[in-house]
There are 2 protein chains.
Amino acid sequence: MTGNKYYYLLSIVNRLETQEFRDLCATHGITVTHQRQVLFEALKSMPGHPSPEEVYARVKRRIPSISLATVYKNIHLFFKSGIFREVSLHHGSLRVELNSRSHHHLVCTVCKSISDIDEEAFGLPQRTGILPGGFLAERFSIDVLGRCAACQAKS
Amino acid sequence: MTGNKYYYLLSIVNRLETQEFRDLCATHGITVTHQRQVLFEALKSMPGHPSPEEVYARVKRRIPSISLATVYKNIHLFFKSGIFREVSLHHGSLRVELNSRSHHHLVCTVCKSISDIDEEAFGLPQRTGILPGGFLAERFSIDVLGRCAACQAKS
DNA sequence: GTGCTTGCAAATTCTTTGCACCATC
DNA sequence: GATGGTGCAAAGAATTTGCAAGCAC
């Protein structure tokens with residue numbers, strides 16, 4: 001086929017490939033930019049749980065001029081609009097707890113407060129030992145995510 | 001009673017109060033210092049999940065000359081010897097994950113790697129809704145802590 | 001054109017490290 | 001008295017912010 005036809009088809013493919021993200025942006029009321037489009041594709045395609053630096057390195061291959069600050073700003077934007085999630089809700093600073101009785105955590109997604117709840121309050125089957133895949137499970141830590149009484153009252 | 005007798009009794013009380021920590025140190029093979037003693041008491045008495053800064057502020061009331069570096073060094077020492085625990089095993093850096101299907105995490109306590117495991121692999125009763133205490137539970141996030149296959153092989 | 005977004009650099013926050021002095025065993 | 005711990009100050013890592021110029025709608 002001629003060069004003209006090729007590029008015409010390419011533009012259609014491109015449009016189809018970016019449609020998912022364009023729709024997401026429309027739904028969440030955020031503007032579409034080239035950086036965000038590439039960031040989104042990178043995040044979707046990266047296995048595991050990439051750190052901002054890893055995402056930055058990946059996106060830089062396609063947009064060499066992008067800055068780490070833009071990556072951070074947009075990752076936070078994606079979190080806020082719910083397109084992606086943070087792995088741990090209470091990172092940010094080291095937190096200490098007594099190594100005594102087993103308990104789990106109630107993490108408020110609004111004010112980030114953490115309170116404890118007793119192991120028995122759940123009564124979950126604690127399946128320790130080797131899991132399929134060879135992982136040796138020693139301990140379970142459950143975060144219950146939601147809104148604390150105070151933050152519910154506020155809204 | 002006379003001042004003499006008072007101070008004698010005081011010294012006994014003091015010795016009894018510090019005995020728990022002295023035993024712990026002996027068990028774990030770490031040296032007893034005044035700073036560590038005070039740090040230990042502070043951590044034990046603090047409710048919730050204090051940050052290093054909060055612990056520092058607290059301990060400074062009793063040892064004004066203490067430095068934040070010492071607090072950090074000893075908190076890490078306490079983690080290593082198992083006297084206290086970190087609340088979140090994968091803090092340290094922001095991590096992104098797709099907000100798609102429900103899954104939980106296998107966190108290796110040796111190499112800190114995180115891998116995913118499907119929701120169904122657990123089949124846990126997801127009790128969402130209002131918990132006793134007024135917390136509105138929306139989502140559960142389970143970290144299975146242990147050692148990955150690779151780290152087991154190494155030891 | 002207006003307002004949100006980007007990239008840069010500087011500022012902030014959190015944590016670790018090197019080193020001289022001091023305490024514990 | 002040797003070994004390891006402390007405090008200080010400086011370095012390092014992770015993240016955020018302010019701002020001028022550029023892009024999306």
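## Burial and the cysteines

A residue counts as buried when its relative accessible area is under 20%, as exposed when that area is over 50%, and as partly exposed in between (1.4 Å probe, protein chains only). B:Cys151 is buried, at a relative accessible area of 6%. A:Cys151 is buried too, with 6% relative accessibility.

This is a predicted model: local features need pLDDT of at least 70, side-chain atom pairs count only at pLDDT 80 or more, and totals for chains, interfaces and linings use all residues. Residues are numbered from 1 along each chain as its sequence is written, chains are lettered from A and ligands numbered from 1 in the order in which they are written, and side-chain values use heavy atoms, with hydrogens and water left out.

How many disulfides does the whole structure hold? Zero, over all chains. A disulfide here is a pair of cysteine sulfur atoms within 2.5 Å. In chain A, the sulfur of A:Cys151 has its closest cysteine sulfur in A:Cys148, 3.7 Å away, which is too far for a bond. In chain B, the sulfur of B:Cys151 lies 3.7 Å from that of B:Cys148, its closest cysteine sulfur, and this is also too far for a bond.

## DNA strand C

A residue is near a strand if one of its heavy atoms lies within 4 Å of it. There are 21 residues around DNA strand C. A:Arg36, A:Lys73, A:Leu94, B:Tyr72 and B:His76 come nearest. The 21 divide into eight nonpolar, 10 polar and three charged. In this count Ala, Val, Leu, Ile, Met, Phe, Trp, Tyr, Cys and Pro are nonpolar, Asp, Glu, Lys and Arg are charged, and the others, Gly among them, are polar.

Helices (H or I, at least four residues) and strands (E, at least two) are DSSP runs, numbered from the N terminus. α2 (34–45) and α4 (68–81) of chain A, with α4 (68–81) of chain B, each supply at least two residues of the surface near DNA strand C. α4(B) gives the most, with five residues.

Of the strand C atoms within 4 Å of the protein, 77% belong to sugar or phosphate, and the rest to bases. Polar contacts are pairs of N or O atoms within 3.5 Å; within protein, one must be able to donate a hydrogen and the other to accept it, and residues adjacent in sequence count only if both atoms are side-chain atoms. A side-chain N or O atom of A:Lys73 is 2.8 Å from a base oxygen of strand C. For B:Lys73, a polar side-chain atom lies 3.4 Å from a base oxygen. A:Asn74 places a polar side-chain atom 3.3 Å from a phosphate oxygen.

## DNA strand D

Around DNA strand D there are 22 residues, and A:Tyr72, A:His76, B:Thr33, B:Gln35 and B:Thr70 come nearest. Sugar and phosphate account for 80% of the strand D atoms within 4 Å of the protein. The residues near this strand divide into eight nonpolar, 11 polar and three charged.

A polar side-chain atom of B:Thr70 lies 2.8 Å from a phosphate oxygen of strand D. A side-chain N or O atom of B:Asn74 is 3.3 Å from a phosphate oxygen. α4 of chain A, with α2 and α4 of chain B, are the elements that give two or more residues to this surface. α4(A) gives the most, with five.
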